[in-house]
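Let's go through this one by asking how each label is earned. Here is the structure to keep beside you.

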Amino acid sequence: MQEGLSPNHLKKAKLMFFYTRYPSSNMLKTYFSDVKFNRCITSQLIKWFSNFREFYYIQMEKYARQAINDGVTSTEELSITRDCELYRALNMHYNKANDFEISSELTVMTLTKRFQARETPR
DNA sequence: ATAGGCCCTG
DNA sequence: CAGGGCCTAT
């Protein structure tokens with residue numbers, strides 16, 4: 001049981017972001033079972049995910065604007081691969097040490113799905 | 001009154 | 001990422 005959040009906890013949280021963008025405080029308490037929770041720790045973790053989302057959406061929007069400038073008119077025309085800028089930016093930020101192995105199929109599907117969800121929210 | 005979100009800053 | 005303001009829902 002540690003007092004505060006360590007750099008490893010941050011790394012862990014970033015990897016967790018691949019799975020949930022809005023973890024509940026109970027999920028966090030379960031996932032970070034080695035942390036002694038209190039009001040500050042909880043809100044700090046919640047804040048981390050808020051920051052993760054902001055970075056994530058900034059990258060998505062940058063990618064979307066670039067796609068529009070490139071003449072893309074539908075999501076079907078988008079290709080999100082391991083070597084595209086969006087993938088590299090997200091992987092660099094959330095999976096710097098490549099702790100998480102991502103199959104190309106899973107990557108394309110996950111990112112495309114999220115992209116479409118973001119572009120057509122309602 | 002507290003928690004959790006978003007936005008904007010530094 | 002952390003801080004702080006502001007808003008909503010509980």
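Q: Which helix holds Lys11, and what makes it count as a helix?
A: Lys11 sits in helix H1. Helices are DSSP runs (H or I, at least four residues), strands are E runs of at least two, and both are numbered from the N terminus. H1 spans residues 7-16.

Q: Why is Lys11 called partly exposed?
A: Buried means under 20% relative accessible area, exposed means over 50%, and partly exposed is in between (1.4 Å probe, protein chains only). Lys11 has a relative accessible area of 39%, so it is partly exposed.

Q: How far apart are Lys11 and Tyr22 in sequence and in space?
A: They are 11 residues apart in sequence, and their C-alpha atoms are 17 Å apart in space.

Q: What kind of model is this, and how are things numbered?
A: This is a predicted model, where local features need pLDDT of at least 70 and side-chain atom pairs count only at pLDDT 80 or more, while totals for chains, interfaces and linings use all residues. Residues are numbered from 1 along each chain as its sequence is written, chains are lettered from A and ligands numbered from 1 in the order in which they are written, and side-chain values use heavy atoms, with hydrogens and water left out.

Q: Why does His9 get the label it has, buried or exposed?
A: His9 has a relative accessible area of 3%, so it goes down as buried. His9 also belongs to helix H1.

Q: What does His9 touch, leaving aside neighbours within four places in sequence?
A: Contact means heavy atoms within 4.5 Å. The partners of His9 are Gln2, Gly4, Phe32, Asp34, Val35 and Trp48.

Q: What makes the pairing of the His9 and Asp34 side chains a polar contact?
A: A polar contact is a pair of N or O atoms within 3.5 Å; within protein, one must be able to donate a hydrogen and the other to accept it, and residues adjacent in sequence count only if both atoms are side-chain atoms. The His9 and Asp34 side chains make theirs at 3.0 Å.

Q: How do you know that the buried residues of H1 line one face?
A: The buried residues are His9, Ala13, Lys14 and Met16. Seen down the axis of H1, they fall within an arc of 160 degrees, so they line one face of the helix. The arc is taken from the directions from the helix axis to the C-beta atoms. As background, an α-helix has 3.6 residues a turn, so residues three or four places apart point the same way.

Q: What do the two sides of H1 look at?
A: The buried residues pack against helix H2 (25-31), helix H3 (39-69) and helix H4 (85-94). On the face turned away from the buried side, you'll find the exposed residues Pro7 and Asn8.

Q: Why is Thr20 called buried?
A: Thr20 comes in at 15% relative accessibility, so it counts as buried. Thr20 lies in the loop between H1 and H2. Not counting residues up to four places away in sequence, Thr20 touches Met27 and Phe49.

Q: Which residues surround DNA strand C?
A: A residue is near a strand if one of its heavy atoms lies within 4 Å of it. For DNA strand C, that gives Leu10, Lys14, Gln44, Lys47, Trp48, Asn51, Phe52 and His93. Sugar and phosphate make up 53% of the strand C atoms within 4 Å of the protein. H3 supplies the largest share of this surface, five residues.

Q: Which atoms of DNA strand C do Gln44, Trp48 and Lys47 reach?
A: Side-chain N or O atoms of Gln44 and Trp48 are, in turn, 3.1 Å and 2.7 Å from a phosphate oxygen of DNA strand C. A polar side-chain atom of Lys47 lies 2.5 Å from a base oxygen of that strand.

Q: Which residues are around DNA strand B?
A: They are Tyr22, Ser25, Arg39, Ile46, Lys47, Ser50, Arg53 and Glu54. Polar side-chain atoms lie 2.8 Å from a phosphate oxygen of DNA strand B for Tyr22, 3.1 Å for Ser25 and 3.0 Å for Arg53.
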